Amino acid sequence: AGSSVPPPGAPTSPVATPGDGQVVLTYVAPTGAPPAAQYVAQYSTSPTMASPTTFATTSALTATATGLANGTLYYFAVYALSSGGTIPSAYSSVVSATPVASSSYTTAGSSTFTPTYTGNHRVECWGAGGGGGNGLATGGTGGAGGEYSVKVVALTSGVGKTVVVGAAGTAGGGNGGNSTFDTTVVVGTGGSGQSNVGATGGTGD
């Protein structure tokens, strides 16, 4: 009687990277024979991987779990199968991640953001661009935009936070205002980025 194909080694070095309603799982192929042909990626809300959900069967070294609940802690692991094999490898080590919702604000002014769940949330604010200079010939170059602010915060459902996106600079090359979330600028990259690039001065009469 023929023997079944033995399982490959377990995948190694799994890394779970959270996103908005999703987590990307990456891992390293096992060494030795037989080589892995497919990987089965699973998640669970239990650290022991009880009652796991399979979200990908793939030959790639990355898999994305979608449709996850933001603010919920999930555990991830992956096992391998060899070509023609039916016996799974051992699990990789178990890693965890919590999906994080994301909001982006680009319009100058103050507003209140009220989360609908309790957990982490990623907020981006982009300062508006500096205004262009006015002149009798060619106006001056606009000032730098306000600083870019990004922050991952633990929020409580129904408790509002204040988001401020910096206003554009005044004519004559004034810099744009800085953006804040809950009064704290975490990362500043003044003058670079999305909507916070200084405007070019116009031509005067």
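Ser89 is buried in this predicted model, with a relative accessibility of 10%. The cut-off for that class is under 20% relative accessible area, so Ser89 at 10% falls within it. Ser89 sits in the loop that links strand β6 (74-82) with strand β7 (95-97). Its side chain comes within reach of the backbone nitrogen of Ala80, at 2.8 Å. Setting aside residues up to four places away in sequence, Ser89 touches Tyr79 and Ala80, and also Pro7, Pro8, Gly9, Ala10 and Pro11.

**The chain as a whole**

What kinds of element does the chain contain? There are 13 strands and 0 helices, and the order of elements from the N terminus is accordingly written with β at every position. Of the 205 residues in the chain, 40% are buried. The accessible surface amounts to about 9900 Å², and carbon and sulfur atoms account for 53% of that area. Among contacts between residues at least 6 apart in sequence, 69% join residues that are at least 24 apart.

**An open sheet of three strands**

Strands β1, β2 and β5 form an open sheet, in the order β1-β2-β5, with antiparallel pairing. The edges of this sheet are β1 and β5 (62-65), each of which pairs on one side only. Neighbouring strands in the sheet are turned against each other by 20° on average, with direction ignored. How many bridges join β2 to β5? The two strands run antiparallel and are joined by 4 bridges. In this part of the sheet, Val23 stands opposite Ala65 of β5.

**Val15 in the edge strand**

Val15 belongs to strand β1, which covers residues 12-18. Is Val15 buried, partly exposed or exposed? Its relative accessibility is 42%, and the partly exposed class lies between 20% and 50%, so Val15 counts as partly exposed. Leaving out neighbours within four places in sequence, Val15 is in contact with Val24, Leu25 and Thr26. Val15 can also be set against Phe76: the two are 61 residues apart in sequence, while their C-alpha atoms are 8.9 Å apart in space.

**Backbone details**

Some backbone angles deserve a separate note. Ser13, another residue of strand β1, has a positive phi although it is not a glycine. Met49 likewise is a residue other than glycine with a positive phi. Met49 is found in the loop between β3 and β4 (53-58). Because its relative accessible area is 5%, Met49 is classed as buried. The two phi values are set out below.

| Residue | Phi | Location |
|---|---|---|
| Ser13 | about 50° | strand β1 |
| Met49 | near 60° | loop between β3 and β4 |

Where does Pro34 lie? Pro34 is in the loop between β2 (23-28) and β3 (36-44). The peptide bond that leads from Ala33 to Pro34 is cis, and its omega is near -5°.

How values were computed
Residues are numbered from 1 along each chain as its sequence is written. This is a predicted model: local features need pLDDT of at least 70, side-chain atom pairs count only at pLDDT 80 or more; totals for chains, interfaces and linings use all residues. Side-chain values use heavy atoms; hydrogens and water are left out. Buried means under 20% relative accessible area, exposed over 50%, partly exposed in between (1.4 Å probe, protein chains only). Contact means heavy atoms within 4.5 Å. Accessible areas come from the Shrake-Rupley method with a 1.4 Å probe; for residues, only the protein chains shown count as cover. A polar contact is a pair of N or O atoms within 3.5 Å; within protein, one must be able to donate a hydrogen and the other to accept it, and residues adjacent in sequence count only if both atoms are side-chain atoms. Two strands pair if DSSP finds at least two bridges between them. Axes are lines fitted to C-alpha atoms, for helices over the stretch in contact, and angles run from 0 to 180 degrees between N-to-C directions.
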